Amino acid sequence: MNQAVSTKESPNQPLAMPIRNYGEFYRFYLTEHSNVMSRRLHALGSIAGLYGIYKTIKTGRKRYLLKGIVTGYACAWVGHFFFEKNKPASFKQPLYSFVSDWRMLSDVCRGRVSLRHQKYDKVN
């Protein structure tokens, strides 16, 4: 439930909401997603969302998009409420949070954010 995060520019100064730029937000976002199970659920939810988009395009049935969105958010919220014990970042900064969900999935796929343990992260 950390509302602040330290930055490299000023390590002793906590970063308060609202955050003014995306670089600051992504560092904050990662602190809000430090639990490995939460990260796994977020990755699963994002993949479910992508699958819903794919199925909607392939079949033309919008219900798959709805199912993908619902599944994606359900996975993320379970991660926050049961594992992180915090509120989703989307309640604080919805646009940055949406972008960060996809960036974190990209970082997971590239090996920059670990689904095994936070100590293996390679994100600055």
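Here is a short chat about the predicted model shown above.

Student: Okay, what elements are in the protein chain, and in what order do they run from the N terminus?
Tutor: There are four helices and two strands in the protein chain. Reading from the N terminus, the order is β-β-α-α-α-α.

Student: It's a predicted model, so what's the average pLDDT for the protein chain?
Tutor: The average is 87, and 85% of the residues score at least 70.

Student: Which elements have the lowest and highest mean pLDDT?
Tutor: Strand S1, residues 5-6, has the lowest mean at 42. Helix H2, residues 36-59, has the highest at 97.

Student: And where does pLDDT stay under 50?
Tutor: Over residues 1-14. The model does have 25 contacts beyond four places in sequence for that stretch, but where pLDDT is low, the predicted coordinates should not be read in detail.

Student: Fair. Switching to packing: which residues make up the largest nonpolar core?
Tutor: That core has 12 residues: Ile19, Tyr22, Phe25, Tyr26, Phe28, Tyr29, Leu30, Ala89, Met104, Val108, Val113 and Val123. Two elements, helix H1 (22-31) and helix H4 (94-109), give two or more residues to it.

Student: Which one gives the largest share?
Tutor: H1 does, with six residues.

Student: Take Val108 from that list. What is it in contact with, leaving aside neighbours within four places in sequence?
Tutor: Val113 and Leu115. Val113 is another member of the core.

Student: What about Ser100, buried or exposed?
Tutor: Ser100 is buried, at 0% relative accessibility. You'll find Ser100 in helix H4.

Student: So which residues is Ser100 in contact with, again skipping neighbours within four places?
Tutor: Tyr22, Phe25, Tyr26 and Tyr29. Those four also appear in the list for the largest nonpolar core.

Student: Changing topic to charges. How many salt bridges does the count come to?
Tutor: Four. As a reminder, side chains of opposite charge can pair when their charged atoms come close.

Student: Which residue does Asp107 meet at 3.9 Å?
Tutor: Arg103, and that distance is N to O. Asp107 and Arg103 both lie in helix H4, four residues apart, which is about one turn of the helix.

Student: And what does Asp107 pair with at 2.6 Å?
Tutor: With Arg110; 2.6 Å is the distance between the closest N and O atoms of that salt bridge. Asp107 also meets Arg112 in a salt bridge, at 3.5 Å from N to O.

Student: Which residues end up in one network, then?
Tutor: Arg103, Asp107, Arg110 and Arg112, joined by salt bridges that share partners.

Student: Is that network at the surface or not? Let's go one by one: Asp107, buried or exposed?
Tutor: Asp107 is buried, with a relative accessible area of 0%. For its partners, Arg103 is partly exposed at 29%, Arg112 is partly exposed at 26%, and Arg110 counts as exposed at 54%.

Student: Why does Arg110 count as exposed?
Tutor: Because its relative accessibility is 54%, and the cut-off for exposed is over 50%.

Student: Now cysteines. How many disulfides does a search of the whole structure find?
Tutor: Zero. Cys75 is buried, with a relative accessible area of 12%, whereas Cys109 counts as exposed at 64%.

Student: Where is Cys109 placed?
Tutor: In helix H4. The C-alpha atoms of Cys109 and Ala43 are separated by 9.4 Å, with the two residues 66 apart along the chain.

Student: What share of the contacts in the protein chain with a separation of 6 or more comes from residues 24 or more positions apart?
Tutor: They account for 61%.

Student: Last bit: how many residues are in the protein chain, and what share count as buried?
Tutor: There are 124 residues, of which 40% count as buried. The protein chain exposes about 7,800 Å², and carbon and sulfur atoms supply 62% of that area.

Technical notes:
Residues are numbered from 1 along each chain as its sequence is written. This is a predicted model: local features need pLDDT of at least 70, side-chain atom pairs count only at pLDDT 80 or more; totals for chains, interfaces and linings use all residues. Side-chain values use heavy atoms; hydrogens and water are left out. A nonpolar core is a set of buried Ala, Val, Leu, Ile, Met, Phe, Trp, Tyr and Cys residues joined through side-chain atoms within 4.5 Å. Buried means under 20% relative accessible area, exposed over 50%, partly exposed in between (1.4 Å probe, protein chains only). Contact means heavy atoms within 4.5 Å. A salt bridge is a side-chain nitrogen of Lys or Arg within 4 Å of a carboxyl oxygen of Asp or Glu. pLDDT is the predictor's confidence in each residue, from 0 to 100. A disulfide is a pair of cysteine sulfur atoms within 2.5 Å. Accessible areas come from the Shrake-Rupley method with a 1.4 Å probe; for residues, only the protein chains shown count as cover.
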